[in-house]
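Here are a few short exercises to work through with the model open beside you. Try each task before reading its solution.

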Amino acid sequence: MTPSAILESALYVTDLPAAERFYTDILGLILLGKVEGRHLFFRCGQGVLLIFNAEATKIPHGPDAKLKVPPHGAVGEGHLCFAATAAEIDGWKAHLQAKKIAIESEFEWPQGGRSIYIRDPSGNSIEFAEPRIWGL
């Protein structure tokens, strides 16, 4: 057996309201759901981006919980990469600059393809890259 795709990816943040503004207002993602103080769920193409308050998700659920999701969390700056064509990367670069979001790094990969990197309000590294950097 081999997984066919990644359905959801998670990042952990320190400020959920700032994350909600960033991922909706700057990146244009559609909010699917939220629980104040705990999480934000966003639609992204065929997948879902989960944004968690790590301190809240580390707390185990009680024995009578309806959804028995195991505790989880992470500390420090995470990383997420959004797929983008070369033209889309140019568009993202212009859009981010217009929104006063600093481009932290931009480069061509030796095997072909380009990436740009920014930071979300919690310091997570957010990349936009051509899928061909992975031969896709």
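**Exercise 1.** Find which residues lie nearest the centre of the largest pocket in this predicted model, and work out which elements give two or more residues to its lining.

*Solution.* Start at the centre: Ser9, Cys44, Cys81, Phe82 and Ala83 lie nearest to it, out of 23 lining residues. Next, assign the lining to elements: β1 (8-13), β4 (47-53), β5 (79-83) and β8 (125-129) each give two or more residues. Of the elements, β5 provides the largest share, with four residues. Then sort the lining by class, which yields 16 nonpolar, four polar and three charged residues. Finally, the space in this pocket comes to about 660 Å³.

**Exercise 2.** Classify the ring pair of phenylalanine 22 and tyrosine 23, and decide whether phenylalanine 22 and tyrosine 23 are buried or exposed.

*Solution.* The structure has eight aromatic pairs in total. In the one formed by phenylalanine 22 and tyrosine 23, the centres are 4.9 Å apart and the planes meet at 85°. Planes over 60 degrees apart count as edge-to-face, so this pair is edge-to-face. For burial, the cut-off is under 20% relative accessible area. Phenylalanine 22 has 4%, so it is buried, and tyrosine 23, at 0%, is buried too. Elsewhere, Tyr12, Phe41 and Phe52 make up one aromatic cluster.

**Exercise 3.** Compare the reach of helix α3 with its expected span, and check the phi of lysine 100.

*Solution.* Helix α3 covers residues 86-98, 13 residues in all. From first C-alpha to last it reaches 19 Å, close to the 18 Å expected at 1.5 Å a residue. After α3 comes lysine 100, with a positive phi near 65°.

Definitions and conventions. Residues are numbered from 1 along each chain as its sequence is written. This is a predicted model: local features need pLDDT of at least 70, side-chain atom pairs count only at pLDDT 80 or more; totals for chains, interfaces and linings use all residues. Side-chain values use heavy atoms; hydrogens and water are left out. The expected span of a helix is 1.5 Å times one less than its number of residues. Rings of Phe, Tyr and Trp (its six-membered ring) pair if their centres lie within 6.5 Å; planes under 30 degrees apart count as stacked, over 60 as edge-to-face and the rest as tilted. Buried means under 20% relative accessible area, exposed over 50%, partly exposed in between (1.4 Å probe, protein chains only). On a 1 Å grid over the protein atoms alone, a cavity is a set of points where a 1.4 Å probe fits but cannot get out, and a pocket is an open set with protein on both sides within 12 Å along at least five of seven lines; lining residues have an atom within 4 Å of a point. Grid points are joined across faces, edges and corners, and a volume is the space filled by probe spheres set on the points. Ala, Val, Leu, Ile, Met, Phe, Trp, Tyr, Cys and Pro count as nonpolar, Asp, Glu, Lys and Arg as charged, and the others, Gly among them, as polar.
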